[in-house]
Amino acid sequence: MNRTRPGVAQYVLLTLLALAFLYPIWWAISSSVKPAAEIITSPLSIGAPTLDNYRAMFADVPIGTGFANTALVLAVKGAMTMFFCPLAGYAFAKYTFPGKNALFGVVLLTLMLPTLVLIIPLLLEMSALGWVNTYQALILPGSIDAFSIFWMRQTIAAIPDELIDAGRVDGAGEFGIFAKVVLPVIRPGMAALAVLTTMNVYNDFVWPVVAVNDTSHQTLQVVLATLAQNITGNRIGADFATVWGELLAAGSIAMLPLLVIFVLLQRHFINGILAGSVKG
């Protein structure tokens with residue numbers, strides 16, 4: 001198929017869109033290194049860079065604890081998602097067993113339930129288990145979610161059955177076939193799932209703020225949400241500009257991990273999206 005090269009107008013449009021998306025990030029980072037008073041009086045100017053906002057923020061807010069808790073939850077919860085969901089998707093895509101379609105339909109039905117509907121039952125369950133204010137409450141709920149199973153099922157369904165049958169003819173076991181035949185083929189889809197899982201866990205706020213009220217277990221998003229209260233509580237006479245300066249400093253640090261992950265994995269993420277949308 002012949003592909004027409006993008007014209008000048010398309011490049012200009014894409015450049016303008018990129019600038020529109022990048023400008024808020026640039027403004028937040030550049031404002032975080034400005035004196036607090038200038039953020040309010042001259043929000044669009046570029047002042048003399050200073051790290052005062054960052055020094056004050058680290059002194060007032062336990063952002064290190066939030067990062068550590070988020071990293072722990074992300075590592076364990078992400079590992080569970082990346083291990084169990086591909087196995088479940090493989091079973092739904094390539095195996096035949098009684099009630100498979102009905103069970104998969106139930107899995108899809110859970111996608112229609114809003115998160116807020118599940119909060120009270122989950123909280124009651126965590127309370128009955130004695131897991132409130134624990135890492136178990138942060139990690140286990142949602143670690144094997146319906147979307148990830150559906151995503152892996154659709155990705156694995158595109159693999160020709162002949163490849164799997166060839167593995168069985170060679171004498172490979174079912175787990176051997178999954179590890180040596182299926183996994184190498186679905187790596188783009190798993191990379192895309194890894195990026196989506198990282199973003200969901202990293203940005204999750206509703207469930208952590210409900211399940212945990214102990215400051216030692218708070219995740220980064222909960223720490224950021226209560227940042228203004230912590231600043232005014234720890235510093236007598238903190239004004240509006242001071243709060244904004246430390247908020248921008250904390251927000252700039254919080255967004256950097258996701259930006260780095262997306263830049264490093266963007267090729268795999270795009271390939272995974274395309275692999276899940278095109279069959280043949």
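The paragraphs below walk through helices, aromatic contacts, salt bridges and backbone angles in a predicted model. Residues are numbered from 1 along each chain as its sequence is written, and side-chain values use heavy atoms, with hydrogens and water left out. Because the model is predicted, local features need pLDDT of at least 70 and side-chain atom pairs count only at pLDDT 80 or more, while totals for chains, interfaces and linings use all residues.

A good place to start is helix 1, which covers residues 8-32 and contains valine 12. Helices here are DSSP runs of H or I with at least four residues (strands are runs of E with at least two), numbered from the N terminus. Val8, Val12, Leu16 and Leu19 together make a nonpolar surface patch of about 400 Å². Patches are made of residues with over 30% relative accessible area and no salt bridge; like charges are joined within 9 Å, and nonpolar side chains (Val, Leu, Ile, Met, Phe, Trp, Tyr) within 5 Å. Accessible areas come from the Shrake-Rupley method with a 1.4 Å probe, and for residues only the protein chains shown count as cover. Within the patch, valine 12 has a relative accessible area of 44% and is partly exposed. On this scale buried means under 20% relative accessible area, exposed means over 50%, and partly exposed lies in between (1.4 Å probe, protein chains only).

Aromatic contacts come next, and the whole structure holds eight aromatic pairs. In one of them, the ring centres of tyrosine 23 and tryptophan 26 are 5.8 Å apart and the planes meet at 35°, so this pair is tilted. Rings of Phe, Tyr and Trp (its six-membered ring) pair if their centres lie within 6.5 Å; planes under 30 degrees apart count as stacked, over 60 as edge-to-face and the rest as tilted. Tyrosine 23 and tryptophan 26 are three residues apart in helix 1, which means that about one helical turn separates them. An α-helix has 3.6 residues a turn, so residues three or four places apart point the same way. Tyrosine 23 is partly exposed at 41% relative accessibility, and tryptophan 26 is partly exposed with a relative accessible area of 41%.

Another aromatic pair, phenylalanine 104 with phenylalanine 150, is stacked, with 6.4 Å from centre to centre and 25° between the planes. Phenylalanine 104 belongs to helix 5 (residues 100-110) and phenylalanine 150 to helix 8 (residues 146-157), so their contact ties together parts 46 residues apart in sequence. Phenylalanine 104 is buried at 11% relative accessibility, whereas phenylalanine 150 is partly exposed at 29%. Phe92, Phe97, Phe104 and Phe150 form one aromatic cluster. Phenylalanine 104 has a charged neighbour too: the charged end of arginine 153 sits over its ring, 5.1 Å from the centre. A charge sits over a ring if NZ of Lys or CZ of Arg is within 6 Å of the ring centre and within 35 degrees of the ring normal.

Turning to charge pairs, the whole structure contains four salt bridges, each a side-chain nitrogen of Lys or Arg within 4 Å of a carboxyl oxygen of Asp or Glu. Lysine 94 pairs in this way with aspartate 161, and their closest N and O atoms are 2.7 Å apart. This bridge links distant parts of the chain, with lysine 94 in helix 4 (residues 63-94) and aspartate 161 in helix 9 (residues 161-169), 67 residues apart. Lysine 94 is buried at a relative accessible area of 16%, but aspartate 161 is partly exposed at 43%.

Helix 9 also holds aspartate 165 and arginine 168, three residues or about one helical turn apart. These two form a salt bridge with closest N and O atoms 3.3 Å apart. Arginine 168 meets glutamate 174 in a further salt bridge (3.0 Å, N to O). Through shared partners, Asp165, Arg168 and Glu174 are joined into one network.

Finally, helix 6 (residues 115-129) offers a check on geometry: at 1.5 Å a residue its 15 residues should span 21 Å, and the end C-alpha atoms are 21 Å apart, which agrees. The expected span is 1.5 Å times one less than the number of residues. Just after helix 6, glycine 130 takes a positive phi of about 75°. Asparagine 133, in the loop between helix 6 and helix 7 (135-139), has a positive phi near 65° although this residue is not glycine. Most residues other than glycine have a negative phi. Asparagine 133 is partly exposed, at 23% relative accessibility.
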